[in-house]
Amino acid sequence: MNQNLTERCGYVAIMGETNAGKSTLVNTLVGEKVSIVTHKINTTRRKVLGIVCHAQTQCIFMDTPGLMNRQDTLNRALVRAAWESFQEADIVCIVIDAQKGLSPRVRQIMERAKKAATDQTIIALNKIDLVDKASLLELTQQLQNSYPEFGHIFMISAKKANGTNALMDYFTKHLPYGPWLYPEDQLTDMPMRENAAEITREKLFIHLHEELPYGLFVETESWEEKPDKVTINQAIVVGKEHYKPMVLGRGGSKIKTIGTLARKELEESLGKSVRLNLFVKVRENWQEKASYYKNQGLAP
Ligand SMILES: Nc1nc2c(ncn2[C@@H]2O[C@H](COP(=O)(O)OP(=O)(O)OP(=O)(O)O)[C@@H](O)[C@H]2O)c(=O)[nH]1
Ligand SMILES: [Mg+2]
């Protein structure tokens with residue numbers, strides 16, 4: 001067998017309760033923003049790959065939707081997609097918010113994960129910048145006692161990049177030998193058009209109140225590239241007519257703020273001037289339509 005025994009390559013599923021900091025962790029490990037982050041729950045709505053080559057290893061991180069209990073069609077599809085990643089991965093990293101600790105929901109997740117756990121299933125206790133040492137040690141003890149099936153416990157702050165080098169080291173040494181699957185400079189599998197839609201969705205999540213962000217999605221409808229400028233048209237699709245004025249804001253002020261923030265981030269990431277046109281469209285109950293799931297690579 002002609003196998004190169006120096007190169008390693010494999011998939012790491014980053015899983016856990018919603019808001020635990022999974023997307024923040026993937027971005028920190030990759031060193032670039034590949035997945036959007038907000039303070040709200042249920043931000044990530046698809047599997048996002050973040051790819052990083054470190055020493056001789058290509059690590060392919062799968063950022064997954066947060067595991068939660070809601071039973072509507074969209075959330076069921078997201079949870080299913082996340083558990084699928086568990087099966088697909090070489091290493092599974094369960095992220096737990098150290099401040100919330102072993103909540104009933106986290107226990108449920110751990111009970112399910114432990115059935116499939118191997119020594120390649122590890123735990124990252126995140127947000128350690130928010131907890132004192134004593135409670136962190138107590139939580140670690142609790143986890144060790146209740147879940148000895150898991151391989152390792154790391155203590156990290158994904159946001160402050162504390163402890164993340166040790167985690168990266170673990171991945172580079174434990175992924176299987178094999179040829180790299182992506183070009184060395186590729187950071188994600190997400191096409192730029194979709195990434196641009198995610199950037200706008202992030203701003204909507206941050207700036208719209210309460211339930212409103214959950215009632216919409218963003219689609220890039222056209223992308224016209226010139227040497228020094230890109231013109232992007234995006235539809236913000238809402239599921240109910242009465243959401244439209246809420247997204248627009250008084251005199252269009254809300255959508256203008258959101259558009260400006262998204263445009264600035266796009267200009268930074270594309271390195272050129274961007275004209276971003278946002279339109280609000282109504283597609284009644286898009287959460288129930290198969291086309292949405294197909295476009296997001298999800299099974300309804
Ligand atoms: N203080 C602190 N905050 C963090 C840390 N990691 C993530 N956060 C914050 O936690 C919130 C949620 O982060 P995300 O990365 O979006 O969480 P997620 O697990 O991807 O959430 P979903 O996609 O909704 O499941 C954001 O406000 C982050 O800034 C950390 O290490 N310390
Ligand atoms: Mg996320």
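Biologist: What radius of gyration does the protein have, and what would a compact globule have?
Modeller: The protein has 20 Å, which agrees with the value near 19 Å for a compact globule of 300 residues. The radius is taken over C-alpha atoms, and the globule rule is 2.2 Å times the number of residues to the power 0.38. This is a predicted model, where local features need pLDDT of at least 70 and side-chain atom pairs count only at pLDDT 80 or more, while totals for chains, interfaces and linings use all residues. Residues are numbered from 1 along each chain as its sequence is written, and side-chain values use heavy atoms, without hydrogens and water.

Biologist: Thanks! What does the C-alpha trace span along its principal axes?
Modeller: About 55 × 45 × 35 Å.

Biologist: Switching to T121: is it buried or exposed?
Modeller: T121 counts as buried, because its relative accessibility is 2%; buried means under 20% relative accessible area, with a 1.4 Å probe and protein chains only.

Biologist: And how much of the protein counts as buried?
Modeller: That would be 50% of the 300 residues.

Biologist: Back to T121, which residues does it touch?
Modeller: Leaving out residues up to four places away in sequence, T121 touches F86, V92, I94, A116, F150, G151 and H152. Contact here means heavy atoms within 4.5 Å.

Biologist: What does the T121 side chain reach at 2.9 Å?
Modeller: The backbone nitrogen of T118.

Biologist: Last one: how far is the T121 C-alpha from that of A89?
Modeller: They are separated by 9.7 Å, with the two residues 32 apart along the chain.

Notes. Chains lettered and ligands numbered in written order. Polar contact = N/O pair within 3.5 Å; in protein donor to acceptor, adjacent residues only side chain to side chain.
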